[in-house]
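Student: I have a model open on my screen and would like to learn how to read it. Could you walk me through a few features?

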Amino acid sequence: MVDISWFGSVAAGAICFGAGMLGWMKNPRSKAATLFMFAVIFVFIALAIGNLYQYVGEDSSDTADSIAKVFVTSYLLAQTFLWELAIVFPVDREVRLAPPNVPGAVMIAAVVLSVILGSMSGVYYTTDGTPMLTTLSLQIMFSASGAMIVLAMALVLLTKDRATPDQWNSGARYLIGLWVFVIGGLPYAVDIIFDSPTGFTHDLAPLAIVTGVAVSGIVFAYSIARGELVMMASPRTEAMVSSEKASYKLLHRHVYLVEEEKPDFSFEMFADILKGRCFDCENDDSFPCESLECGTCKLPCPCRTCTKYKSRAQGLIVTRQYPHDVRSEHFIQTTPILWLSSVAGKDNMDPAKISLLTDYLVNFMEKSHNGVVLVDGIEYLVTSNDFQKVVKSLDRWAETAMTSDCRLVITVDPRAFSDRELALLEKNKEVVRPSEDEGLDAVVG
């Protein structure tokens, strides 16, 4: 009969699984969130079946061996995905799986190796007929835990110079969760070192590993829920292509509603802000720069000594237009673009899931420095949501922009709304009507 330890294992796995779901739901397009989700799925599988081989008699040793192989393989895959998470978190590295680049090839090879090592595991039966994992199985599991923590720490530490303070804090919390996970397996390590399949440490091992997994799951879930373990795309700057000051002067902590049939003016203004000097720049020595990654650039740059902002403008675009066309038309290279579309995709956002969109925008505005956000496609959001729900979401975005030293530009086609709806959209915002030259003095330098 299955004892209480099995229920404890399933409960611990469920806690980790819940943390993974929470992280993935906050940003289903994030590579980090996806890897974390895979990791906790295999943690749950490993814990759910990990004790079952103990209830298989010696006359069904093949079944016990199969259960042990699934258990160890799931455990190894969980460990693999947890350290691979550090490849794309807290600083996102470029990973390509088909055809694979170097990080992609390493990730694929690690998964294949985990499956091979897991297939080498098995059980043996003691003199009293009790099934136990073989010493080789335990050695493989212990080695995987050691490799996971070493690789994860090395990858996180290598990003220290590139990471922002928020990213570095997220990386630290990630490592804390991993250490708690690993500490839970120490009794197993003692069993391996002293080759003692009986005794206090052996009896303590199941409880310790279940507790370690449960506590690490709570650490991850708590950090994700509080926004301390951020698995979103990092804000980036565009290349500075002009040494002239930006032609448009969007003020920080302000929200602008641009009313135009097509968002040409809004995109022109947005691109100008990203590619030039800040409109209030006081450093006339600023120069055009071809660097697309300021975090890793070591060239002397006047922008680094700026006392007003921690970075040049970091932008985000939410649009109904196809992202490739936006980049081609406005020469936008590194700025993240979120496409409002019901089609599944890495950088796509289902318009019906406006709460996820709000989480994404709020996270970006809170984590960015000198941020500017352009939202195009309010009309499309209204077709998939109640108008009042959209207005409440806009109010949340506006509040975040005002409290995070960010700038928010919302473009709408006035023909798509009634006078009452338009009045609600305009409330507490700077209204700009380019076709009527109304409000331009507030944005044109």
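**Reading a strand and its surroundings**

Tutor: Let's start with one pair: threonine 319 stands opposite tryptophan 339 in strand 5. Bear in mind that this is a predicted model, where local features need pLDDT of at least 70 and side-chain atom pairs count only at pLDDT 80 or more, while totals for chains, interfaces and linings use all residues. Residues are numbered from 1 along each chain as its sequence is written, and side-chain values use heavy atoms, leaving out hydrogens and water.

Student: Which strands does strand 4 pair with, and in what sense?

Tutor: Two strands pair if DSSP finds at least two bridges between them. Strands themselves are DSSP runs of E with at least two residues, and helices are runs of H or I with at least four, numbered from the N terminus. Here, five bridges join strand 4 to strand 7 (residues 371–376), running parallel; glycine 315 has valine 372 as its bridge partner in strand 7. With strand 5, strand 4 pairs over three bridges, also in the parallel sense.

Student: What do strand 4, helix 10 and strand 5 make together?

Tutor: A crossover is right-handed if, with the strands pointing away from the viewer, the path from the first strand over the helix to the second runs clockwise. Strand 4, helix 10 and strand 5 make a right-handed β-α-β unit.

Student: Why is strand 4 described as largely enclosed?

Tutor: Buried means under 20% relative accessible area, exposed over 50%, and partly exposed in between (1.4 Å probe, protein chains only). Six of the six residues of strand 4 (residues 314–319) are buried, so the rest of the structure largely encloses that strand.

Student: And how do I read its two faces?

Tutor: In a regular strand the side chains alternate between the two faces of the sheet. In strand 4, Gln314, Leu316 and Val318 are buried on one side, and Gly315, Ile317 and Thr319 are buried on the other.

Student: Where should I look for unusual backbone angles?

Tutor: Try the loops. Phenylalanine 331 has a positive phi of about 55 degrees although it is not a glycine, and this residue is found between helix 10 (323–330) and strand 5 (337–340). Is phenylalanine 331 buried or exposed? At 62% relative accessibility, phenylalanine 331 counts as exposed.

Student: Any other backbone oddity?

Tutor: Yes, the peptide bond from alanine 98 to proline 99 is cis, with omega near -10 degrees. Proline 99 sits in the loop between helix 3 (61–88) and helix 4 (102–118).
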